[in-house]
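Reader: Please take one part of this model and look at it closely, then work outward from there to the rest of the fold. I would like one connected account.

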Amino acid sequence: MANIIGIDIGGSTTKITGFNNGIIYSPMLVKATDPIASVYGAFGKFLNANGLAISDIDKIMITGVGSSYITENLYGVSTGKVDEFRAIGMGGLFLSNLSKAIVVSMGTGTAFVFADHNNVTHIGGTGVGGGTLLGLSSIMLNIRDFDNLIKTADAGSLANVDLTIGDISQENVGVLPPETTASNFGKISDLATHSDMALGIINLVFQTIGMLSIFATKIHNIKDIVLTGNLVNVPQSHRIFKELEKLFGVKFHIPRNAEYATSVGAAMSYIKGMGYTDIKK
């Protein structure tokens with residue numbers, strides 16, 4: 001197998017990943033407000049970074065919300081289009097080396113799929129995601145930059161923000177220990193700092209995503225959850241997912257290159273002969 005390119009075209013970012021003989025190389029991201037400009041910019045940047053010519057590329061596979069704007073082959077290279085949910089599932093399984101899992105794509109919102117090597121099923125989604133983080137951060141803290149939100153949360157404490165089981169009960173509730181969140185922002189105090197509220201926002205978003213993931217495992221009777229998308233890079237989220245693992249007996253996986261999983265899945269759909277549609281023009 002020669003050079004296969006997977007491209008995930010989002011609303012504001014495009015991610016591109018190369019495959020040669022089934023091995024990933026040079027995943028990268030390009031930001032642009034226009035999806036067409038974004039995909040052509042990403043492809044040109046990818047070729048330049050890897051010293052490749054257009055003639056070196058055998059197949060381009062596209063997916064994502066912005067792929068609907070692509071109606072002809074890119075640069076004359078045979079181009080296929082993959083359903084985004086299929087790409088999420090295939091990418092998550094390939095990167096995690098699992099045979100089946102709940103795969104979670106954490107972007108502006110969050111999508112949940114069940115995937116095994118034969119099929120990918122879209123379970124559902126939530127509007128809670130990266131857009132929620134930045135929206136709440138902007139209106140509550142006047143912070144609009146993702147990295148600044150993370151840095152602000154570093155010094156935060158949830159003690160002045162979230163209501164816990166221990167705040168309302170002298171005993172454990174079922175299997176839930178006292179430190180378990182009973183209500184996000186349910187104990188917001190006049191003493192809460194910007195750092196406290198920043199951490200509270202992050203905790204709200206990732207606990208919501210984590211719990212919905214766990215509900216999905218109950219439906220499909222499995223334990224493995226693969227986390228993908230840009231939000232895997234939020235460091236505070238790792239502690240939140242570890243706490244949920246201990247409470248509910250599941251396993252959250254964050255594989256290498258997890259933020260590029262959907263572009264990886266687009267390429268894998270072609271490599272493994274899964275369903276896709278060729279663009280004819």
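**Phenylalanine 85 and its surroundings**

Author: Leaving aside residues up to four places away in sequence, phenylalanine 85 is in contact with Ala111, Val113, Val120 and His122. The model is a predicted one. Phenylalanine 85 belongs to helix H2. Its relative accessible area is 27%, so it counts as partly exposed, the buried class being reserved for values under 20%. Along the chain, phenylalanine 85 and histidine 122 are 37 residues apart, yet their C-alpha atoms are 6.2 Å apart in space.

These contacts lead to the sheet. Two of the residues touched by phenylalanine 85, Ala111 and Val113, fall within strand E7 (110-116). The other two, Val120 and His122, fall within strand E8 (120-126). Helix H2, which spans residues 84-96, packs on the sheet and touches E6, E7, E8 and E11. The direction of H2 makes about 65° with that of E7.

The sheet itself is open and has five strands in the order E8-E7-E6-E11-E12, with mixed pairing. Strand E8 and strand E12 (251-253) are the edge strands; each has a single partner, so one side of each is left without a neighbour in the sheet. From one strand to the next, the twist averages 25°. At the E12 end, E11 and E12 pair in the parallel sense over three bridges. There, isoleucine 225 stands opposite phenylalanine 252 of E12.

Three strands of this sheet also take part in the nonpolar interior. The largest nonpolar core has 35 residues, and Met106 and Phe206 are those with the most contacts inside it. At least two residues of this core come from each of the following: strand E6 (100-106), strand E7, helix H3 (130-141), helix H4 (146-153), helix H6 (194-220), strand E11 (224-228) and helix H7 (235-248). The greatest contribution is that of H6, with 10 residues. In soluble globular proteins, nonpolar side chains tend to be buried together.

Phenylalanine 206 shows how these elements come together. Beyond residues up to four places away in sequence, phenylalanine 206 touches Met106, Leu133, Leu231, Val234, Ser237, Ile240, Phe241 and Leu244. Among these, Met106 lies in the range of E6, and Leu133 lies in that of H3.

H6 also packs against H4. Two packed helices are described by the angle between their axes and the distance between the axes. For H4 and H6 the angle is about 115° and the axes are 7 Å apart. That angle makes H4 roughly perpendicular to H6, and the crossing is left-handed. On the H4 side the residues that meet H6 are Leu149, Thr152 and Ala153. Their counterparts in H6 are His194, Ser195, Ala198, Leu199 and Ile202.

Another part of the fold lies toward the start of the chain. Strand E1 (residues 3-9) contains isoleucine 5, a buried residue with a relative accessible area of 0%. Isoleucine 5 and lysine 59 are 54 residues apart along the chain, and their C-alpha atoms are separated by 6.3 Å. Apart from residues up to four places away in sequence, isoleucine 5 touches Ile16, Thr17, Gly18, Tyr25, Phe43, Phe46, Ile57, Lys59, Ile60, Met61 and Ala267.

One of these contacts reflects strand pairing: isoleucine 5 stands opposite glycine 18 in E2. E1 and E2 pair in the antiparallel sense over seven bridges, forming a hairpin with three residues between them. Strand E2 (residues 13-20) is mostly covered, with seven of its eight residues buried. E2 in turn pairs with strand E3 (residues 23-31), again in the antiparallel sense and over seven bridges. In this pairing, lysine 15 has leucine 29 of E3 as its bridge partner. The hairpin of E2 and E3 has two residues between the strands, and asparagine 21 in its turn has a positive phi of about 55°.

A further contact of isoleucine 5, Ala267, is one of the buried residues of helix H8. Helix H8 runs over residues 261-271, and nine of its 11 residues are buried, so it is largely enclosed by the rest of the structure. Besides Ala267, the buried residues of H8 are Ala261, Thr262, Ser263, Val264, Gly265, Ala266, Met268 and Ser269. Just after H8, glycine 273 takes a positive phi of about 70°.

Terms used: Residues are numbered from 1 along each chain as its sequence is written. This is a predicted model: local features need pLDDT of at least 70, side-chain atom pairs count only at pLDDT 80 or more; totals for chains, interfaces and linings use all residues. Side-chain values use heavy atoms; hydrogens and water are left out. A nonpolar core is a set of buried Ala, Val, Leu, Ile, Met, Phe, Trp, Tyr and Cys residues joined through side-chain atoms within 4.5 Å. Buried means under 20% relative accessible area, exposed over 50%, partly exposed in between (1.4 Å probe, protein chains only). Helices (H or I, at least four residues) and strands (E, at least two) are DSSP runs, numbered from the N terminus. Contact means heavy atoms within 4.5 Å. Two strands pair if DSSP finds at least two bridges between them. Axes are lines fitted to C-alpha atoms, for helices over the stretch in contact, and angles run from 0 to 180 degrees between N-to-C directions. Angles under 35 degrees count as roughly parallel, over 145 as roughly antiparallel, 65 to 115 as roughly perpendicular and the rest as oblique. A crossing is left-handed if the near helix is turned anticlockwise from the far one by less than a right angle, and right-handed if clockwise.
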